[in-house]
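Here are my notes on this model, set out as numbered points that can be read alongside the coordinates. They begin with one residue and its surroundings and then move outward.

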Amino acid sequence: MWYHKPVIDEELLQSLPNLKIVSSSGVGIDHLDLKLLSRFGVKLSNTPFVVSTDTADLGMALMLASARRLVEGYQMAVSPDTEYFPANWLGVEVSGATLGIVGMGTIGYKMAQRAKAFEMKILYHNRNQRNKEEESAVGAVYCKKIDDLLQQSDFVMLAVTLTPQTHKLIGKRELELMKPTATLINISRGLVVDQDALVEALQKKVIKAAALDVTYPEPLPRDHPLLKMQNVIITPHIGSATEDTRRVMMREMAESIEAALAGLPVPNEVP
């Protein structure tokens with residue numbers, strides 16, 4: 001499967017009685033019915049670890065681009081109407097700011113490693129607290145309640161998997177808890193955020209800005225309000241989109257398929 005295609009439904013599974021495995025690119029499996037696959041005796045694999053570094057890099061890039069208003073700056077610099085650069089055209093500082101990471105898995109932890117190099121204060125919220133050694137290595141402070149993280153952070157980075165528990169995890173209430181100077185960054189899944197609530201929060205200046213690698217749907221309708229906002233950066237779901245990583249993803253998917261066909265343990269099998 002690549003970009004969630006083909007759609008794995010009951011009709012397809014019934015038409016493929018000898019199917020052994022579905023090998024899905026990337027880490028997310030929210031597009032798959034695990035119970036359905038299990039009922040047909042079909043194994044499932046993904047590529048969870050290879051995407052982490054590139055996705056964390058993109059998270060940092062989105063944070064920097066939003067904070068320093070790079071897209072707006074580029075448009076100003078190349079516009080045929082620009083006669084001078086205004087002295088009061090300002091961004092916000094990243095170094096020394098507080099980053100709140102929601103979801104401290106592999107990607108979230110790599111984000112913390114990068115943020116440490118920017119001398120950021122790092123808060124995180126996760127189902128389980130990391131051990132003290134891991135926290136100390138990046139200077140991260142655990143917030144048992146997400147509300148505490150939202151209230152204190154200058155940048156909120158979403159790096160959770162999409163589950164029923166994280167569906168619209170960030171809604172109107174959560175956005176109103178954030179600082180009016182804060183930026184929301186989403187590198188997980190679009191449905192982790194209540195998109196209508198986000199639009200309203202940006203329009204009413206409840207929060208300062210948003211930087212999104214994911215939306216719902218993808219791409220957004222061309223008349224969607226998020227596409228018209230100067231304080232929003234949207235990229236086309238490119239967290240893992242580097243040549244090297246995509247090549248490794250393909251290789252890992254092929255290795256999982258070969259193992260399943262040979263009756264061997266499947267690398268990266270999803271239980």
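1. Leaving aside residues up to four places away in sequence, V270 touches I29, L44, S45 and N46. V270 is found in the segment after helix 10, which spans residues 243-261. The model is a predicted one, and in it V270 has a relative accessibility of 15%, so it counts as buried, the limit being under 20%. V270 and T47 are 223 residues apart in sequence, yet their C-alpha atoms are 9.8 Å apart in space.

2. These contacts can be set against the domain division, in which domain 1 consists of 10-49 together with 242-270, and domain 2 of 51-79 together with 92-234. The centres of domain 1 and domain 2, taken over C-alpha atoms, are separated by 30 Å. How many residues of each domain are in contact with the other? Ten residues of domain 1 are in contact with six residues of domain 2.

3. A record also bears on this part of the chain: UniProt, in an unreviewed entry, lists residues 60-239 for "domain: D-isomer specific 2-hydroxyacid dehydrogenase NAD-binding". Over residues 60-239 the chain is 32% helix and 16% strand, and the C-alpha atoms at the two ends of that range are 11 Å apart.

4. The sheet deserves a point of its own, for it is an open sheet of seven strands in the order 5-4-3-6-7-8-9, with parallel pairing. Its edge strands are strand 5 (140-142) and strand 9 (232-234), each of which pairs on one side only. On average, and with direction ignored, neighbouring strands of this sheet are turned by 15 degrees against each other. Helix 9 (residues 195-203) packs on the sheet, where it touches strand 7 (183-186), strand 8 (209-212) and strand 9, and the direction of helix 9 makes about 140 degrees with that of strand 8.

5. Two of the strand pairings can be followed residue by residue. Strand 3 (residues 98-102) and strand 6 (residues 155-158) pair in the parallel sense over four bridges, and G100 stands opposite V156 in strand 6. Strand 7 and strand 8 likewise pair in the parallel sense over four bridges, with A210 in strand 8 as the bridge partner of L184.

6. Are the two faces of strand 8 covered or open? Side chains in a regular strand alternate between the two faces of the sheet. In strand 8 both faces are covered, since A209 and A211 on one side and A210 and L212 on the other are all buried.

7. The structure holds two aromatic pairs. W2 and Y3 form an edge-to-face pair, with 6.4 Å from centre to centre and 80 degrees between the planes; W2 is partly exposed, at a relative accessible area of 24%. For Y124 and Y142 the ring centres are 5.2 Å apart and the planes stand at 50 degrees, so this pair is tilted. Because Y124 lies in strand 4 (residues 121-125) and Y142 in strand 5, the pair ties together parts that are 18 residues apart in sequence. Y124 has 0% relative accessibility and therefore counts as buried.

8. The backbone has two cis peptide bonds that a reader may wish to inspect. The bond from K5 to P6 is cis, with omega near 0 degrees, and P6 lies in the segment before helix 1 (10-15). A cis peptide bond also joins Y216 and P217, where omega is about -5 degrees, and P217 has its place in the loop between strand 8 and strand 9.

9. Positive phi values may be checked in the same way. H4, although not a glycine, has a positive phi of about 65 degrees; H4 is found in the segment before helix 1 and is partly exposed, with a relative accessible area of 35%. K168 is another residue other than glycine with a positive phi, in this case near 55 degrees. The place of K168 is in the loop between strand 6 and helix 8 (172-177), and at 37% relative accessibility K168 counts as partly exposed.

Key
Residues numbered from 1 in each chain as written. Predicted model: local features only at pLDDT ≥ 70, side-chain atom pairs only at ≥ 80, totals over all residues. Heavy atoms only, no water. Pairing = 2+ DSSP bridges. Axes fitted to C-alpha atoms, helices over the stretch in contact; angles between N-to-C directions. Contact = heavy atoms within 4.5 Å. UniProt positions renumbered as here; feature names shortened; annotations may be inferred. Phe/Tyr/Trp six-rings, centres within 6.5 Å; stacked < 30°, edge-to-face > 60°. Buried < 20%, exposed > 50% of the residue type's maximum accessible area, 1.4 Å probe, protein only. Domains from an automatic or database assignment.
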